[in-house]
Amino acid sequence: MFLAPGALDSAARAAGTEPRPVTFVSNRGGVESGEDLTDRVTADIRRALGPLAGQTAVETPKHTVLRDARQAGDSLGALFLMIGSFSIIAGALLLVNIFVMLGEERKSQMGMVRAVGMKRSRLVASFTLEGATYALLSALPGVAIGVAVGWGVSVVAAKIFAGWAVGGSSIRIAFAVTPTSILNGLAMGLLIAFAAILATSVRISRFNIIAAIRDLPTTPGREPRRRLLVVSTVLAVLCALAAVPPWRAAGPT
C-alpha cells in the first residue's frame, strides 16, 4: 500500500499517539554470529546520534532473545546434568561393589601373594589394570547405550515441555549428538571408572595377611574408622562450599 507523505503521522495523532520512527540495523555476519557485534554497533550508533542519543532508545532484540535462550539452555543443561548425575553415581557405586566382591573372593589368593613378597603397590596396580581393561572393553557398548538413553530422555522431555509456554513462546527440545560430545562422554566415563577402581583397589589392598590366608573376617580397627570420619567430614565441607556459588548465582526464589 502506498500512502502520501505524512498520512501515517496524521493517523497516529488521530489515534491519540505520537508517531515513532524506527530504524532497523542488521549487523554484519550470520543469523547468530552477527550478535557478537551488538555492543560495538550500539556504541557506534550512540556516538553517531550525538546530542540526540538521550532522546533515542537503542534496542537490541536479537541480543536479548539469544541471551534468554542461552540462559534457558544453561538451566535445562543443569537440570539434565543433575538427572544424569544419579546414573553416574550409581555406575561408580556399582564398580565399587564389583571390585569389593572380587576382593572378597580373592582374599586368600591375595594373602598368599603378599606372603611370598608381593608389594601392596603391585597388588593395587594389578587390580587397577584389570579394572581399566574392563572399562575399555565396555566403552563402546556404554557409548551406544548412553546415546540411546539420551535420545529417550530428549523425546520424553520434548513431550513434557511442548505443552509449557510463557508469553506465547515455548521450548522445543531436539536430540543432537556430535563426535565431540561422544568423545567427551567417553573420556569422562573412563576417568570416573578409573578413579573409582583405583580408590577401591587401594581400599581392598589393606588387609591382614594371616587373616586373609585363613579367610578370617576382617575386624576394622579404631584408626580406619577415625580416618573415615575425617575424610567424610572434609568431603561434606567441600561439597557445601561448592554449592555456595550456584546458590548465590541463583538469587532469591
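Here is a short round of questions and answers about this predicted model.

Q: What is the overall make-up of the protein, in helices and strands?
A: There are nine helices and two strands. Going along the sequence, the order is α-α-α-α-α-α-β-β-α-α-α.

Q: How do you know how far to trust the prediction, going by pLDDT?
A: The mean pLDDT is 80, and 88% of the residues reach 70 or more. Residues 246-253 are another matter: pLDDT there is below 50, and beyond near neighbours in sequence the stretch has zero contacts in the model. Where pLDDT is low, the predicted coordinates shouldn't be read in detail.

Q: Why is Ser-154 called buried?
A: Buried means under 20% relative accessible area. Ser-154 has 11%, so it counts as buried. You'll find Ser-154 in helix α6, which covers residues 139-162. Setting aside neighbours within four places in sequence, Ser-154 touches Ile-173 and Phe-175.

Q: What makes Ala-43 partly exposed?
A: Partly exposed is the band between the buried cut-off of 20% and the exposed cut-off of 50%. Ala-43 sits at 33% relative accessibility, so partly exposed is the label it gets. Its home is helix α2, residues 38-49. The C-alpha atoms of Ala-43 and Val-58 are 9.6 Å apart, with their positions 15 residues apart along the chain.

Q: How do you know that the length of α2 fits a helix at 1.5 Å a residue?
A: Helix α2 has 12 residues, and the expected span is 16 Å. From first C-alpha to last, α2 reaches 16 Å, close to that expectation. Just after α2 comes Gly-50, with a positive phi of about 65°.

Q: What about α3: how does its span compare with what 45 residues should give?
A: At 1.5 Å a residue, α3 should span 66 Å, and its end C-alpha atoms are 65 Å apart, so the two agree. Leu-76, Phe-99, Leu-102 and Gly-103 are buried in α3. The buried residues of this helix pack against α4, α5, α6 and α7.

Q: Why do Asp-44 and Arg-47 count as a salt bridge?
A: The cut-off is a side-chain nitrogen of Lys or Arg within 4 Å of a carboxyl oxygen of Asp or Glu. For Asp-44 and Arg-47 the closest N and O atoms are 2.7 Å apart, so by the 4 Å cut-off the pair qualifies. In general, side chains of opposite charge can pair when their charged atoms come close.

Q: Why are Asp-44 and Arg-47 about one helical turn apart?
A: They're three residues apart in helix α2, so about one turn separates them. An α-helix has 3.6 residues a turn, so residues three or four places apart point the same way. As for accessibility, Asp-44 is partly exposed at 36%, while Arg-47 is exposed at 60%.

Q: What makes Asp-68 and Arg-67 a salt bridge?
A: Here the closest N and O atoms are 3.7 Å apart, so the pair falls within the 4 Å cut-off. Asp-68 is partly exposed, with 39%, and Arg-67 is partly exposed too, with 37%.

Q: How do you know that Glu-130 and Arg-106 meet in a salt bridge?
A: Their N to O distance is 2.9 Å, so the 4 Å cut-off is met. This pair links distant parts of the chain: Glu-130 is in helix α5, Arg-106 is in the loop between α3 and α4, and they are 24 residues apart. Glu-130 is buried at 16%, whereas Arg-106 is partly exposed at 26%. A search of the whole structure finds four salt bridges.

Q: What makes up the nonpolar patch on the surface?
A: The patch consists of Val-230, Val-231, Val-234, Leu-235, Val-237, Leu-238 and Leu-241, with about 620 Å² of accessible area together. Patch residues need over 30% relative accessible area. Take Val-237, which lies in helix α9, residues 222-250. Its relative accessibility is 45%, so Val-237 is partly exposed and clears the 30% bar.

Q: How many of the residues count as buried, and how much surface is accessible?
A: Of the 253 residues, 15% count as buried. The accessible surface comes to about 19400 Å², and 67% of it belongs to carbon and sulfur atoms.

Methods
Residues are numbered from 1 along each chain as its sequence is written. Side-chain values use heavy atoms; hydrogens and water are left out. Helices (H or I, at least four residues) and strands (E, at least two) are DSSP runs, numbered from the N terminus. Buried means under 20% relative accessible area, exposed over 50%, partly exposed in between (1.4 Å probe, protein chains only). Contact means heavy atoms within 4.5 Å. Accessible areas come from the Shrake-Rupley method with a 1.4 Å probe; for residues, only the protein chains shown count as cover. The expected span of a helix is 1.5 Å times one less than its number of residues. pLDDT is the predictor's confidence in each residue, from 0 to 100. Patches are made of residues with over 30% relative accessible area and no salt bridge: like charges are joined within 9 Å, nonpolar side chains (Val, Leu, Ile, Met, Phe, Trp, Tyr) within 5 Å.
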